[in-house]
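Reader: I would like to go through this model by question and answer. Please show the sequence and structure before we start.

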Amino acid sequence: MKKILFAFPVIAVLALTACMKNSSEPDPLDPGRTMYIWVKNQNTVALDPANIAFRFDVLLNEFAAAGKNVETDELNVTPSGASSSVDLKSKLFAPAPHIEFKLVDAPTGKWRIKYTSGYESNNDIEKSGILYITTFGKTLKDLTQADFWRMEFDMNNPLTLESGSTFYKIIGSNGYTIHGGGTAGMWNLLADGVSSYIESAIKSDWTIEHTITSDGWTGMYAGLLKTEFMVETGSYSSGNTFYALEDSYEFVYTVEEPLRIHIACENQLMYGGEEKVAFSNYSQVDQSRFPAASVRVAWSRGASECYANATIQYNGYTE
């Protein structure tokens with residue numbers, strides 16, 4: 001059963017990877033693609049705890065509405081217009097025994113979400129490890145600017161994403177929160193100094209400040225497929241990635257035009273907006289390898305709702 005992805009720009013960069021040509025003729029866009037892939041994959045891993053938080057919000061809301069216990073019960077829901085029901089825990093996370101929810105501190109609403117390896121949780125990505133989410137008794141829909149959810153990590157059992165033979169691990173941060181944005185359907189995601197690594201080679205130091213808005217977010221599963229999310233202009237991430245060959249390769253990722261995201265074909269697609277990836281210290285970069293300091297990627301709707309198109313611009317070239 002495929003899992004639904006939502007809430008953040010966790011779109012695969014395979015479309016851009018496939019465009020990197022295996023020939024003796026160099027492609028002038030390949031350095032820009034490399035920059036984008038490094039930063040996009042880093043951003044995707046660092047955003048995963050926030051993605052889990054939005055899933056968990058749906059789970060809490062649905063179980064509360066049904067009068068069921070998240071720790072011990074199961075819940076099947078039937079989406080609007082569907083002919084059959086779905087197991088909500090399996091659809092949003094993973095089936096037992098590969099997922100466990102434990103309320104570890106009732107007064108603050110602190111939950112432990114534990115993934116056990118052995119199940120591909122979404123789009124062929126296998127998860128394991130622990131994430132703590134403290135809700136302080138609020139749903140995401142009800143957060144004001146004074147309210148927030150907090151995510152914390154377990155150094156002894158880090159949140160791990162496995163894709164093929166590659167492991168990505170999130171081992172900690174200086175602070176990871178989702179704040180209310182001041183109006184309904186708006187959140188400010190703040191993640192400072194997210195430390196993660198690919199295998200065990202290079203550790204990253206990544207900071208995120210994103211403003212997320214939604215059209216029609218109810219926090220309930222039935223409305224999920226009708227919800228559009230936007231990552232607003234000015235949202236950014238920065239730091240060094242776990243792909244950087246040298247610590248001096250530091251990046252800034254910015255949203256230049258709002259990224260429009262919706263769910264189609266049980267996947268998440270961006271069908272509008274523009275992203276920019278730039279070296280923050282270009283003077284220290286090997287400019288023979290990277291002849292321009294920044295790359296832009298613009299997204300548009302594909303030939304059908306199951307596809308999105310990407311246009312890349314780098315060093316005067318466009319494709």
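Reader: Where is D142 found?
Author: This is a predicted model. D142 has a relative accessible area of 39%, so it counts as partly exposed. Its C-alpha is 7.9 Å from that of G180, although 38 residues separate the two in sequence. As for its place in the chain, D142 is in the loop between β6 (125-134) and β7 (148-153).

Reader: How far apart are the end C-alpha atoms of helix α2?
Author: Helix α2 covers residues 30-66, which is 37 residues. At 1.5 Å a residue it should span 54 Å. The model agrees with that expectation, with the end C-alpha atoms 51 Å apart.

Reader: At which residue does the kink in α2 lie?
Author: The kink is about 45 degrees. It comes shortly before the proline P49. The residue at the kink is D48.

Reader: Which residue just after α2 takes a positive phi?
Author: The residue follows directly on the helix, and its phi is about 70 degrees. It is G67.

Reader: How many of the 37 residues of α2 are buried?
Author: Buried here means under 20% relative accessible area. By that cut-off α2 is largely enclosed by the rest of the structure, because the buried residues number 34 of the 37.

Reader: Which element gives the most to the largest nonpolar core?
Author: The core has 75 residues, and F56, L59 and F101 are among those that touch the most other members. The element that gives the most to this core contributes 16 residues, and it is α2.

Reader: Which residues of α3 and the core does F101 touch, K89 and F93 among them?
Author: Residues up to four places away in sequence are not counted. The contacts of F101 are F56, L59, V70, E71, K89, F93, W111, R112 and I113.

Reader: Is K89 buried or exposed?
Author: K89 lies in helix α3 (residues 88-92). Its contacts include L59, F63, V70 and F101. With a relative accessible area of 6%, K89 is buried.

Reader: Which side chain meets K89 in a salt bridge?
Author: The N to O distance is 4.0 Å. The pair links distant parts of the chain, K89 in α3 and its partner in the loop between α2 and β1 (76-77), 15 residues apart. The partner is partly exposed at 43% relative accessibility. It is E74.

Reader: How many residues apart in sequence are the parts that R33 and E319 tie together?
Author: The side chains of R33 and E319 meet in a salt bridge at 2.4 Å, N to O. R33 lies in helix α2 and E319 in the segment after β20 (317-318), so the pair ties together parts that are 286 residues apart in sequence.

Reader: Which residues do salt bridges that share partners join into one network?
Author: R33 also meets D30 in a salt bridge, at 2.7 Å, N to O. Being three residues apart in α2, R33 and D30 are separated by about one helical turn. R33 is buried at 0% relative accessible area, and D30 is buried at 14%, whereas E319 is partly exposed at 41%. The network joins D27, D30, R33 and E319.

Reader: Which residue is the bridge partner of S214 in β14?
Author: Strand β13 (residues 205-215) pairs with β14 in the antiparallel sense over four bridges. Both faces of β14 (residues 228-231) are covered, with E228 and M230 buried on one side and F229 and V231 buried on the other. The partner of S214 is F229.

How values were computed. Residues are numbered from 1 along each chain as its sequence is written. This is a predicted model: local features need pLDDT of at least 70, side-chain atom pairs count only at pLDDT 80 or more; totals for chains, interfaces and linings use all residues. Side-chain values use heavy atoms; hydrogens and water are left out. Helices (H or I, at least four residues) and strands (E, at least two) are DSSP runs, numbered from the N terminus. The expected span of a helix is 1.5 Å times one less than its number of residues. The bend at a residue is the angle between axes fitted to the seven residues ending there and the seven starting there. Buried means under 20% relative accessible area, exposed over 50%, partly exposed in between (1.4 Å probe, protein chains only). Contact means heavy atoms within 4.5 Å. Two strands pair if DSSP finds at least two bridges between them. A nonpolar core is a set of buried Ala, Val, Leu, Ile, Met, Phe, Trp, Tyr and Cys residues joined through side-chain atoms within 4.5 Å.
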